[in-house]
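Got a structure here that I'd like to talk through. Shall we take it piece by piece?

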Amino acid sequence: MSEDVMDFDLFVIGAGSGGVRASRIAAQLGAKVAVAEDLYLGGTCVNVGCVPKKLFVYGSHFKEDFEAARGFGWSYDNLEFDWQTLRDNKTQEIERLNGVYGRILEGSGVEIIRGRATIAGPNLVAVDGETYTAKNILVATGSWPREPRYPGAEYVTNSNDFFFLHHLPKRVIVEGGGYIAVEFAGILNALGCDTELVYRGEMFLRHFDGDVRRFAAEQIAEKGVKLSFSTDIKAVEKLSNGTLQVTLNAKAEGAAEQVQTRVVDCVISAIGRTPKTRNIGLEALGVNLKPNGAIEVDDNFATNVPGVYAVGDVIDRFQLTPVALAEGMALARNLFADQPIAMNYKHIPTAVFCQPNIGTVGYSEEDARESGHEVEVYQSTFKPMKHTLSGLQEKTLMKLVVDKQTRKVLGAHMVGPDAGEIIQGIAIAIKVGATKEDFDATVGIHPTAAEEFVTMRSPRA
């Protein structure tokens, strides 16, 4: 097929973070670009992920803010919450953002094709009966909630549908131990739901620093979330009154397995997300996939099939919006501006918007030691200034992991209010190789919690 008669230079399947960024940059560089989407512009992040989740976190935290206000002289009566208002205002904001994404794409010269796209052959994309030719095809279809496999799973709400619940449940079980599950449990608990987090592992948030995990668990439990670790859901049964009977299997270390039951109004499954690659023509074309469905790509995001690329959640490197954005931009500049791709996945900052928040960048203490570093650890736990009057018991943890020989700060971790905001700035210092002495020489902003990162002087014994 002659390249000079093809419909598009780049055809993107999926208008999520990575796909939109790649489309826009490619079009700005002079490429003729189309993007196909059968759900919503903006992908998971905008519609059923980061954005609505953060809005729900804001909404849920007001109750605690009102409680804290009493210590500062404020009083109130008849405090009420309306779930439908929060839910519907969130949806209205997401619809506004959908429109923004559409205008951004169209303003860049990208053709938006509504419908489900599949790869029909080399350089061929089919969308609802129409076939298009493209020199390059980018798969950026994102991920989808992993489905539980126990009896009664059909009665369980997945992490997408959580954002559209008709009613706020009085009693709820959240299943999972990653970002999504921990954040959802915090939101529901703060909104007044009787909330239990059920996780099969011994401690949630795998791959995070051990002190962060333990401290966060203490703070989350202190706020009222029941944490049931080393526990599996074995079955869910819908009762005649519409409630759900959940059978649990608790397997604490050194003890016999114990079968327990709960009756709740809702079970929300947040056990992870899998690459959304089924039935889009990849297997027929011979694109190599990993066992979990993720697309195998090289350092230039190219698959084993010439002209087919993939970025974002579908390659399952880091399921984070900023990573997908960076990948999409790098690919577009490589294809249409001959800029070499040099993605660096080291020291990616991230946040968990549980309550209190977690922010982290760089090595955990465990990873630093396993990587051969001789480390010093600087750590501080304190009550935030606000809570000296609020009467609330929430505490903050800050931690620096330092290489003892080079003095470079290898990792920074925080559990506490605005952790994500604070760690974003710290990430710059770690990215450029700042030492502990650089931190020590930095003047703190007083009075702030953030200044603790530049005032910790004595390493932990």
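Below is a short back-and-forth on one strand and one helix.

This is a predicted model, where local features need pLDDT of at least 70, side-chain atom pairs count only at pLDDT 80 or more, and totals for chains, interfaces and linings use all residues. Residues are numbered from 1 along each chain as its sequence is written, and side-chain values use heavy atoms, with hydrogens and water left out.

Me: How many residues of strand β22 are buried?
Reply: β22 covers residues 409–415 (strands are DSSP E runs of at least two residues, numbered from the N terminus). Buried means under 20% relative accessible area with a 1.4 Å probe, protein chains only. The strand is largely enclosed by the rest of the structure, because the buried count is 7 of the 7.

Me: Which residue stands opposite Ala412 in β22?
Reply: Look to strand β21 (residues 396–403), which pairs with β22 in the antiparallel sense over 6 bridges; pairing takes at least two DSSP bridges. The two form a hairpin with 5 residues between them, and Arg407 in the turn has a positive phi of about 70°. Facing Ala412 is Leu400.

Me: And what stands opposite His413 in β22?
Reply: Here the partner is strand β19 (residues 358–362), running antiparallel to β22 and joined to it by 5 bridges. Opposite His413 you'll find Thr360.

Me: Where is the kink in α3 centred?
Reply: Helix α3 (residues 50–69; helices are DSSP H or I runs of at least four residues) has end C-alpha atoms 28 Å apart. The bend is the angle between axes fitted to the seven residues ending at a residue and the seven starting there. In α3 there's a kink of about 30°, centred on Phe62.

Definitions and conventions. Buried < 20%, exposed > 50% of the residue type's maximum accessible area, 1.4 Å probe, protein only. Expected span 1.5 Å × (residues − 1).
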